[in-house]
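Student: I am new to this structure and would like a close look at a single part of it. Could you take me slowly through one helix residue and its surroundings, and then through what lies around that part?

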Amino acid sequence: SPRASYTGTCGTCLVSIQAGADLVDPPGRVEKAALAKQRRPPRWRWSCRCNVGVGNTGGSIVVQLRPQANYEDERAKGVRGTSR
């Protein structure tokens with residue numbers, strides 16, 4: 001779906017906002033608490049809860065898919081990263 005669901009909680013859709021973070025809405029209470037508990041960087045978001053362009057007039061955004069692939073413990077689970 002091209003729209004965020006705003007209800008996901010599994011955390012498997014991690015993305016890293018590499019550029020254009022000002023074009024993304026802030027994380028909600030559930031997402032923010034879960035990512036903090038996992039000690040994820042502030043630029044990491046759950047894509048299912050992330051809405052791009054709210055209240056903005058335009059710009060560019062760079063998103064890295066599966067940023068956790070940069071961590072050895074995650075690579076051992078078979079996670080691979082991608083940038084778009």
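Tutor: Let us start with Glu31, which is found in helix α1, the helix that spans residues 29–37. Please keep in mind throughout that this is a predicted model. Glu31 counts as buried, because its relative accessibility is 0%, and buried means under 20%. Leaving aside residues up to four places away in sequence, Glu31 touches Arg45, Trp46 and Arg49.

One of these partners, Arg45, leads us to Pro27, which lies in the loop between β1 (14–19) and α1. Pro27 touches Arg45 and also Lys32, again not counting residues up to four places away in sequence. Glu31 is buried, whereas Pro27, at 33% relative accessibility, counts as partly exposed. The chain also brings Pro27 and Arg49 to a C-alpha separation of 7.5 Å, although the two residues are 22 apart along the chain.

The strands come next. Strand β2 covers residues 44–46 and runs antiparallel to β1, with three bridges joining the two; within this pairing, Ser16 stands opposite Trp44. Strand β1 is also joined to β3, residues 62–65, by four bridges, and these two strands run antiparallel as well. In that second pairing, Leu65 in β3 is the bridge partner of Val15.

The cysteines deserve a careful look too. A disulfide is a covalent bond between the sulfur atoms of two cysteines, and the count of disulfides in this model comes to zero. For Cys48, the closest cysteine sulfur belongs to Cys13 and is 3.7 Å away, which is too far for a bond because the cut-off is 2.5 Å. For Cys50, the closest cysteine sulfur is again in Cys13, at 9.2 Å, and this too is too far for a bond. Cys50 is nevertheless buried, with a relative accessible area of 12%.

Finally, a word on how far to trust each part. The mean pLDDT of the protein chain is 80, and 76% of its residues reach 70 or more. Among the elements of the chain, β1 has the highest mean pLDDT, at 94, while strand β4, residues 82–83, has the lowest, at 51. Where pLDDT is low, the predicted coordinates should not be read in detail.

How values were computed: Residues numbered from 1 in each chain as written. Predicted model: local features only at pLDDT ≥ 70, side-chain atom pairs only at ≥ 80, totals over all residues. Heavy atoms only, no water. Buried < 20%, exposed > 50% of the residue type's maximum accessible area, 1.4 Å probe, protein only. Contact = heavy atoms within 4.5 Å. pLDDT = per-residue confidence, 0-100. Pairing = 2+ DSSP bridges.
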